[in-house]
Amino acid sequence: MTLKTKENYLKSMYVLEVEEGEISLSRLGKRMGVSLPTVNSMVKRLQDEGWVRYEKYKPLQLTTIGKKTAGLIIRKHRIVEMFLVKKLGFGWEEVHEIAEEMEHIHSDVLFERMDEMLGHPTMDPHGSPIPDKKSGLLMLQNKLKLSDVSIRCKVRLSGIIHTSTDFLLYLNKKDLQLGTEMEVIHIEPFDKSITISYNKCASLTLSKDVCERLYVEMIGEPQIPDSDKPQE
C-alpha cells in the first residue's frame, strides 16, 4: 500500500466518523470504491501502522495519531482549495482534483506559507471548516440545512454538502454562492421543494435534494405575514 493510498483511507475514515458517527467496513469500502475483502486487508495494514483500531464485527476506530494524521491531510486539502480560489482565481468547482493531489505533498513550510498568505482562514471555499493546525481536529458546528428552514425566514448561504463539480456548476448558473442572502417565500407541501428570493431573483424553486445540500445561517427573526398575525 502506497503512502498516498494510506492517507486517502485515513481521510475517508475521518470524514465518515464526522458525518455518520461511526466507521463501518462496508461504508468505507463504498467510499473508496473497493470490495469488502480489499478494504478489510487495507484496514489491517493501517492497524499495523498504529493508525486504526480494528475488531471483527465492530465499527472501526481511528487512534489519536490516526485522527491527527487524517485531520492534517484534510487541512492541507482545504488550504489548497482556498489558496487556488483566493490567490489564483480558480472557481470553487475547479479546485477539488488539484487539492486531491497536493494534499499528499509533505512540506510543512509550503502549507504554512499558503495559510499565512490567506490570513489563516477557518473555512474552505465551500464553507467546510479547516482542521486545527496542531491537533488536526475539526471545529464542529451546529449546521442548519435550507430544507429545515420555515417560510418567511431570511438566511445566508454558509456551506455546501457533497461538493461535486456538477452541483457547484448548477449553483453557479443560479448565481448562488457563499454569503448569498435569501428569503424562503414558499414551501411546497407535496414534495418539500422550496421557493426562495435573493439578489435580483424574485423567485427560484429548489428541489428538496438541493435544499438538503445547502447549509444556511439565520438572519434575524422570521417575518410573520400580516394575515397570520393575531388580531387586536
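Helices, in the sense used here, are DSSP runs of H or I with at least four residues, and strands are runs of E with at least two, both numbered from the N terminus. The exercises below concern a predicted model.

**Exercise 1. Describe the overall make-up of the protein: how many helices and strands does it have, and what percentage of its residues count as buried?**

Solution. Begin with the elements, which are 8 helices and 8 strands. Next take the extent of the C-alpha trace, which spans about 70 × 45 × 30 Å along its principal axes. Then turn to burial, where 41% of the 232 residues count as buried. Finally, look at the contacts with a separation of 6 or more, of which 60% are between residues 24 or more positions apart.

**Exercise 2. Work out the order of the strands in the open sheet, and explain why strand 3 and strand 7 each have one side without a neighbour.**

Solution. Strands of a sheet pair through backbone hydrogen bonds, either parallel or antiparallel. In this open sheet 6 strands follow the order 3-8-4-5-6-7, and their pairing is antiparallel. Strand 3 (144-145) and strand 7 (201-206) are at the edges with a single partner strand each, and therefore one side of each has no neighbour in the sheet.

Now go through some of the pairs in turn, starting from strand 3.

- Strand 3 is joined to strand 8 by 2 bridges, and Lys145 has Tyr215 in strand 8 as its bridge partner.
- Strand 8 pairs with strand 4 over 5 bridges in the antiparallel sense, and here Leu214 in strand 8 is the bridge partner of Ile160.
- Strand 4 (residues 154-160) is joined to strand 5 (residues 181-187) by 3 bridges, with Arg156 standing opposite Glu181 in strand 5.

As a last step, add the helix that packs on this sheet: helix 7 (residues 165-173) touches strand 4, strand 7 and strand 8 (214-218), and its direction makes about 150 degrees with that of strand 4.

**Exercise 3. Describe the largest pocket and then the second largest pocket, stating for each which helix supplies the largest share of the lining.**

Solution. For the largest pocket, start with the volume, which is about 1,100 Å³. Its lining has 37 residues, and those closest to the centre are Val15, Glu19, Arg31, Arg78 and Ser128. At least two lining residues come from each of helix 1 (3-20), helix 2 (25-32), helix 4 (64-86), helix 5 (96-102) and strand 4, and helix 1 gives the largest share with 8 residues. Sorted by class, this lining holds 12 nonpolar, 12 polar and 13 charged residues.

For the second largest pocket, the volume is about 390 Å³. The lining consists of 17 residues, with Leu72, Lys76, Asp108, Phe111 and Lys133 nearest the centre. Helix 4 and helix 6 (108-118) each supply at least two of the lining residues, and the largest share, 8 residues, belongs to helix 4. By class there are 6 nonpolar, 3 polar and 8 charged residues in this lining.

**Exercise 4. Decide whether Trp51 counts as buried or exposed, and describe where Trp51 lies.**

Solution. First locate Trp51, which is in the loop between helix 3 (36-48) and strand 1 (52-53). Then compare the relative accessibility of Trp51, 14%, with the cut-off for burial, under 20%, so that Trp51 counts as buried. Lastly, consider the surroundings: beyond the neighbours within four places in sequence, Trp51 is in contact with residues including Leu3, Leu10, Leu62 and Ile65.

Note on methods:
Residues numbered from 1 in each chain as written. Predicted model: local features only at pLDDT ≥ 70, side-chain atom pairs only at ≥ 80, totals over all residues. Heavy atoms only, no water. Pairing = 2+ DSSP bridges. Contact = heavy atoms within 4.5 Å. Axes fitted to C-alpha atoms, helices over the stretch in contact; angles between N-to-C directions. 1 Å grid on protein atoms, 1.4 Å probe; cavity = no way out; pocket = protein on both sides within 12 Å on 5 of 7 lines; lining within 4 Å. Points joined across faces, edges and corners; volume = space filled by probe spheres on them. Nonpolar A, V, L, I, M, F, W, Y, C, P; charged D, E, K, R; others polar. Buried < 20%, exposed > 50% of the residue type's maximum accessible area, 1.4 Å probe, protein only.
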